[in-house]
Amino acid sequence: MNAGDNRKQVTIRHRPPHIYRGNTFYFVTCSTREKRQFFNTEAKRNLLRDILKEKTVRFNVRLTAWVILGNHYHLLFHVPSKETLSSFIGQINGRSSREINRLDGVSGRSIWYNYWDRCPRNEKDFYSFFNYIHINPLKHGAVHLPANTLRVQGENLCLDAGRTASFHEVLAKYTHSSYPFYLRKYGELGLTHVWMDYPIPVNVEGDKS
């Protein structure tokens, strides 16, 4: 989890047309048309996850964090060249659209709306996006925490230091994200430091539903 080679990058906040850079990290949000729940079953989310992993290898992308929900996904990844971003996202979305339409018995249906991208400009940005990705299942009601575990403070969420054990347990239950992997790798203590030391945004562009 090292963002050091990207700390001088400038944050990009825009809608298309996109700005492309090589050898940099991107935080991407991609939403379905009209926020429709096209990935509303475990099998469909597994399908998207498998396509994501396949394209990560094909495009030599270093995938740091990810989450898949019923109507959108978030990724934090490093691209080797400026040409990688559009091809990587385009092939994930194109392949998943065809497969979902095949499963649903329809053809030519548009699944994805567009994607929003930003480049973390420093370590704080990097881990803020990392935290946002992993809090997303909670934000959208896929998992639920005990009351008073998190509180809103301005534009960010704050975790109660006395409730971290249940916090990790609940987030790890959502298997369509990279959080279970990081919990196994770094343990509760390691991830608690990330949650406590870096902001947890309430919202980001493209994910305000």
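Asn-93 lies in helix 2, which spans residues 84–104, in a chain whose model is predicted. This asparagine is buried, with a relative accessible area of 11%, and its side chain is joined to that of Tyr-73 by a polar contact of 2.8 Å. The chain around Asn-93 has five helices and seven strands, and 51% of its 209 residues count as buried.

**Two asparagines of helix 2**

- Leaving aside residues up to four places away in sequence, Asn-93 touches Cys-30, Tyr-73 and Trp-112.
- Tyr-73, the partner of Asn-93 in the polar contact, falls within strand 3, which covers residues 72–79.
- Asn-101 is also found in helix 2.
- Because its relative accessible area is 6%, under the 20% limit, Asn-101 counts as buried.
- With residues up to four places away in sequence not counted, Asn-101 is in contact with Val-106, Gly-108, Arg-109 and Ile-111.

**Overall organisation**

- Along the sequence, the helices and strands follow the pattern β-α-β-β-α-β-α-β-β-α-α-β.
- Among contacts in the chain with a separation of 6 or more, 73% are between residues 24 or more positions apart.
- The accessible surface of the chain comes to about 10100 Å², and carbon and sulfur atoms account for 48% of that area.

**Nonpolar cores**

- In soluble globular proteins, nonpolar side chains tend to be buried together.
- The largest nonpolar core holds 30 residues, of which Phe-27, Leu-76, Phe-130, Ile-135, Leu-171, Leu-191 and Trp-195 touch the most other members.
- At least two residues of this core come from each of strand 1 (24–32), strand 2 (62–68), helix 3 (123–139), strand 6 (156–159), helix 4 (164–172) and helix 5 (179–197).
- Helix 3 gives the most to this core, supplying eight residues.
- Ile-135 touches Leu-150, Leu-157, Phe-167, Leu-171, Trp-195 and Ile-200, when residues up to four places away in sequence are not counted.
- A second core, separate from the largest one, has 24 residues, including Val-28, Leu-75, Leu-85 and Phe-88.

**The buried side of helix 4**

- Thr-164, Phe-167, His-168, Val-170 and Leu-171 are buried in helix 4.
- These residues lie on the same side of helix 4, because they cover an arc of only 165 degrees around the axis.
- The cover over the buried residues of helix 4 includes helix 3, strand 5 (150–153), strand 6 and helix 5.
- Two of these buried residues, Phe-167 and Leu-171, are among the contacts of Ile-135.

**The sheet of strands 5, 6 and 7**

- Three strands form an open sheet in the order 5-6-7, with antiparallel pairing.
- Strand 5 and strand 7 (200–201) are the edge strands, each pairing on one side only.
- Four bridges pair strand 5 with strand 6 in the antiparallel sense, and Leu-150 stands opposite Leu-159 in strand 6.
- The hairpin of strand 5 and strand 6 has two residues between the strands, and Gly-154 takes a positive phi near 70 degrees there.
- Strand 6 and strand 7 run antiparallel and are joined by two bridges.
- Leu-157 stands opposite Ile-200 in strand 7, and both of these residues are touched by Ile-135.

**The hairpin of strands 2 and 3**

- Strand 2 and strand 3 form a hairpin with three residues between them.
- Their antiparallel pairing extends over six bridges.
- Leu-63 stands opposite Phe-77 in strand 3.
- Strand 2 is mostly covered, since five of its seven residues are buried.

**The loop between helix 3 and strand 5**

- Ala-142 is found in the loop between helix 3 and strand 5.
- With a relative accessibility of 38%, Ala-142 counts as partly exposed.
- Apart from neighbours within four places in sequence, Ala-142 is in contact with Leu-69, Pro-137 and Tyr-174.
- Ala-142 and Tyr-174 are 32 residues apart along the chain, and their C-alpha atoms are separated by 7.5 Å.

How values were computed:
Residues numbered from 1 in each chain as written. Predicted model: local features only at pLDDT ≥ 70, side-chain atom pairs only at ≥ 80, totals over all residues. Heavy atoms only, no water. Buried < 20%, exposed > 50% of the residue type's maximum accessible area, 1.4 Å probe, protein only. Contact = heavy atoms within 4.5 Å. Areas by Shrake-Rupley, 256 points an atom, 1.4 Å probe, with all protein chains shown as cover. Core = buried A, V, L, I, M, F, W, Y, C linked by side-chain atoms within 4.5 Å. Arc of directions from axis to C-beta. Polar contact = N/O pair within 3.5 Å; in protein donor to acceptor, adjacent residues only side chain to side chain. Pairing = 2+ DSSP bridges.
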